[in-house]
Amino acid sequence: MTTRHRLTIGTLAAIAAVLLLQSATPRGATVKFYSDDPLQREPDSQDASQVKKWELDLLWDLGENLFANPGARTPIVKARDVNTIDEVPDSSWFTNRIGVDKLTTADVIRGPLTGEGPAPGTWSVTRPKETGFAPGFTMNDAKGQTWFVSFDANGFPEAATGAILVANKIFWALGYWQVENYLVHITPGELTIADTALVKVSSGQRRKMKFSDLQEVLRRAQKSPDGTYRAVAGKLIPGRDLGGFRYFDTRPDDPNDIVPHQDRRVLRALRVFGAWTNLVDMKAGNTHDTLITENGKSVVRHYLQDVGSTFGTGANALREYDEGWEYLFEGELTLKRLMTFGFFLQPWQTVRYDEHPAIGRFEGVEFDPTEWKPRVPTAAFIRARADDNFWAARRVMAFSDDMIRAIASTGQYHDEAAAKVLADVLIQRRDKIGQAYLTAINPVVNLTLDSGDTLRFENAAHLATEPASGYVVRWATFDNTTGDSTPIGTAVTTTDRQVKAPAGLPSQPGAIVKVQVAADDPGHPSWATPVDAYFRRGATGWMLVGLERMPVQ
Amino acid sequence: MRSRARGFTVCFAVCVLVCVPAWVKAQETRADEIAAQQARKAAELKPYQPGTAERWVTKTHRNLIELPSGVYPYFGSVYSGGGFTLGAGYRDYYGDRTHVDLKGLYSIENYKLIEVSTDSWGQSHGRLDLHGRFGWRDATQVAFYGIGNETPAERSAFRMKQGYFGGDLALRPGKYSMFGAGVMYEDFTMESGSGSDPSIEEVHTPETAPGLGVNPKYMHSWVSAGIDSRPAAGYARRGGLYEVRYLNYADQDHTYTFDRVEGEVVQHIPILRETWVISLHGLVKTTLDDNDNVPYFLMPALGSGRTLRAYPSWRFRDRQSLLMSGEFRWIPNRLGLDMALFYDTGKVAHQWDDLSFRGLKSDVGIGVRFHTPLATPLRIEVAKGSEGFNLVFSANAAF
């Protein structure tokens, strides 16, 4: 054999060996569960310092969402911001709090607040509020901290400020990034106007702010009997202002924003959270993106900034009767009303409201969470699936009666009856949400497999209805690379939500078992669709690494 | 040796070519997988570019809502009966809420208007509006059917050129109370009507058309007082207007001087949370002194999209007028669509005593209105009266 031939054969052998080695190397992309599953935090791996501020026109945003149905051209898929156990990891959008952390009532009524509000002393107004209907202005406190001050509209004492304070705590507990809002009582004589203060006038130009401009703001605000003005002071959100976020698609200049917003569970869940609190004004203008530095890297943080459009009042008046019941435009309803001279009646036209002046038109008797609607449907709202609603409903149900009453009291209403009305309705609506969404699909939750191979779980629907009469559990080994399941034993039926695994569970570290749990309840046929749970054996026992509540879809 | 070395080199290159992409592509963790997707997006970042429609809506919204300085489209009417009208204006601010405007309108009936005005809104804590204007109007074929309530439907036409200069103010001292006052110098030049109808002087004489042939110059002044609880004059489903106006037309030759008093009532009665609205309107105009001379073209008139809607503009003229309208409105969509069944009735009369409920002219109709919270930019109605059908297109509320 010549040298040339030896070389060729050797080379080919080496190539073959490399190819063989390469084919034998497990590709990360092929496994169902990675070593770090379930992910506890959604990473922001890229520097986002190049993101630019955008101005989203209110009318375009309204029209696009109302008529064009953006983000709906792709199929409705499982939420893409969830981890493998169907939970939403912490992220620049969301922080797990109620239902996950052991939040106390004290935690919740403190909410996002980290301090005591504007520093006492001279408060210097820097410009009047330029967006929205509520009267307000921006000011710097005695320490130079910037605050956005928002008043109750004239004729509606405590309505707007109370709603902001209460909703602020609720949405913080639910996990959204929130502004720090503090109740303040402003004495006009203690305000000064900053030398640099500018006001935008009708021409669109800006000029130096005058005291008459401040008077103009206060003229539209509700004055208290003692001459002060009750207001909410919202602390300036840290970071560079980037404008709001849309409820569909992604920001094209944010490298970390890879999940279309309509497929984010945290935004889909506003279908449930919005229904609970009557958050009818879901628009980009009520959101806020900010560029912050985190771990030495610029990333975008997404705030649900303005949650004051909740309960039964708006920024400057009671809610319209149809708000929460209909979109601003619905073609079919419009046509039916047109053809019937208005006699095609809807529930909002006859529902009874206990109109407390500070709470407005907010009720829980006729409320149906599945029928609730914001003014304008967002793509995320439309695409919410049963598992998204289930996830959200569990968080709503995690608010106890006492917690809700404590949160309502943070509205600091002069009339205690206002807080009571608000809490009563929130409790009514919470319970209806539980009945509607916790029972809609298989409600098996909190699955654990202990080191003694005993499976335990709970039924989330027990908060809203009778528990299932029995559960059917099937076991299998699971091949993480191929995705194949191999049954172990036969199906086991249990009634007490715990069952011993059959013999033959794999014992080697890293092995995965698949457990399917179906609930047997004649009143809820959808519960027969099993929840698929995956446990991986670790050094100390079994760990839940996967959960699919709607595995077929 | 060289061959062996070359073999190793080839092997190494193959290893690199085959394995490196695999290492790069493979993610061992979920975090790696997400990071890889983010890295791919980072390589193709682009700034947000609004589409043509979004840019257009944003610009239009800003121009219509914020009223910035610059050129803007102007929708209005030169004079009743002028037909479809388009226009444009240029606005320039010289105060916070004070601007000067130059605007023009042109209609398909060749009506023309050009006006320079200055407007100052919301002075005195939002209670006072001030306006000054200087302009010229040319209505080429204004209808004239004669004087009285029983004139035949035989139309003639006249041309009215009007130069004007003056100002007015509107004061709202309380939540609902309102007062107004104004003075305007008005120079009328009356000419033969254009168009297919006979000109007024071919059909009428000064006896049948008082003031025919004269070109009066007026100092026109007025005051008004009222209560207005409507959310907006341009569109309302609740509230009402109760207003009295006094007008003086002082002819510079003292021949055609006259005084007029007008009373207007509007009341919107919502039913079942504004599912339906009963809207009522009453308007009476009376010339105070029976001995005053009122030229034909300044007499109160009925007929048009805001009075007797089945009748053409200026169908009935005389020294007094009475109008009553009632609407049954239903609201297919609160954002912007109203429907209405309506009934109008009214008459004109020579003397106040003749302004009775006998001999009223009436019509019925149905209408659709596209509105905003504050205005009714499009109202389309079909009305049927004793002289047939009339189709109304209007950019204003009926009342």
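How many helices and how many strands are there in chain A? Chain A has 12 helices and 19 strands, and I should say at the outset that what we are looking at is a predicted model, so please hear every value that follows as one computed from that model.

Let me stay with chain A for a moment. Along its principal axes, the C-alpha trace of this chain spans about 100 × 70 × 50 Å, and 45% of its 553 residues count as buried. If we take the contacts in chain A between residues at least 6 apart in sequence, 72% of them join residues at least 24 apart.

Within that chain, I would like to turn to helix α7, residues 270-277. Because 8 of its 8 residues are buried, α7 of chain A is largely enclosed by the rest of the structure. The buried residues run through A:L270, A:R271, A:V272, A:F273, A:G274, A:A275, A:W276 and A:T277. What covers them, you may ask, and which helices of chain A does the cover include? Among the elements that cover these residues are α4 (159-174), α6 (265-268), α9 (379-382), α10 (386-397) and α12 (416-437), which belong to chain A. Just after α7(A), the backbone at A:N278 takes a positive phi of about 60°.

Some other backbone details deserve a careful look. The peptide bond from A:D37 to A:P38 is cis, with omega near -5°, and A:P38 sits in the loop between α1 (3-24) and α2 of chain A. Further along, A:D453 is not a glycine and yet has a positive phi of about 65°; its place is the loop between β12 (444-449) and β13 (454-459) of chain A. With 18 C-beta neighbours inside 10 Å, A:D453 counts as partly exposed. In chain B, phi of B:H254 is near 65°, again a positive value in a residue other than glycine, and B:H254 is found in the loop between β9 (239-251) and β10 (258-271) of that chain. B:H254, however, counts as exposed, since it has 8 C-beta neighbours inside 10 Å.

Now to the places where the two chains meet. Helix α2 (residues 58-68) of chain A packs with helix α3 (residues 52-66) of chain B at an angle of about 130°, their axes being 8 Å apart. That angle makes α2(A) oblique to α3(B), and α2(A) passes α3(B) in a right-handed crossing. On the side of α2(A) the contact is made by A:L59, A:W60 and A:G63, and on the side of α3(B) by B:E54, B:V57, B:T58 and B:H61. By character, the residues of this contact divide into 3 nonpolar, 3 polar and 1 charged.

Another residue of chain B, B:D96, also touches chain A: leaving aside its neighbours within four places in sequence, B:D96 is in contact with A:V201 and A:S202. Is B:D96 buried or exposed? B:D96 is buried, with 21 other C-beta atoms within 10 Å, and it lies in the loop between β2 (85-93) and β3 (98-107) of chain B. The C-alpha atoms of B:D96 and B:W121, which are 25 residues apart along the chain, are separated by 9.0 Å.

I will finish with the domains of chain B. The domain assignment gives domain 1 as 2-42 and domain 2 as 52-394, and the C-alpha centres of domain 1 and domain 2 of chain B lie 79 Å apart.

Notes
Residues numbered from 1 in each chain as written. Chains lettered and ligands numbered in written order. Predicted model: local features only at pLDDT ≥ 70, side-chain atom pairs only at ≥ 80, totals over all residues. Axes fitted to C-alpha atoms, helices over the stretch in contact; angles between N-to-C directions. Helix = DSSP H or I, 4+ residues; strand = E, 2+ residues; numbered from the N terminus. Parallel < 35°, antiparallel > 145°, perpendicular 65-115°, else oblique. Left-handed = near helix turned anticlockwise from the far one by under 90°. Contact = placed C-beta atoms within 7 Å. Nonpolar A, V, L, I, M, F, W, Y, C, P; charged D, E, K, R; others polar. Domains from an automatic or database assignment. Buried ≥ 20, exposed ≤ 12 C-beta atoms within 10 Å, placed from the backbone.
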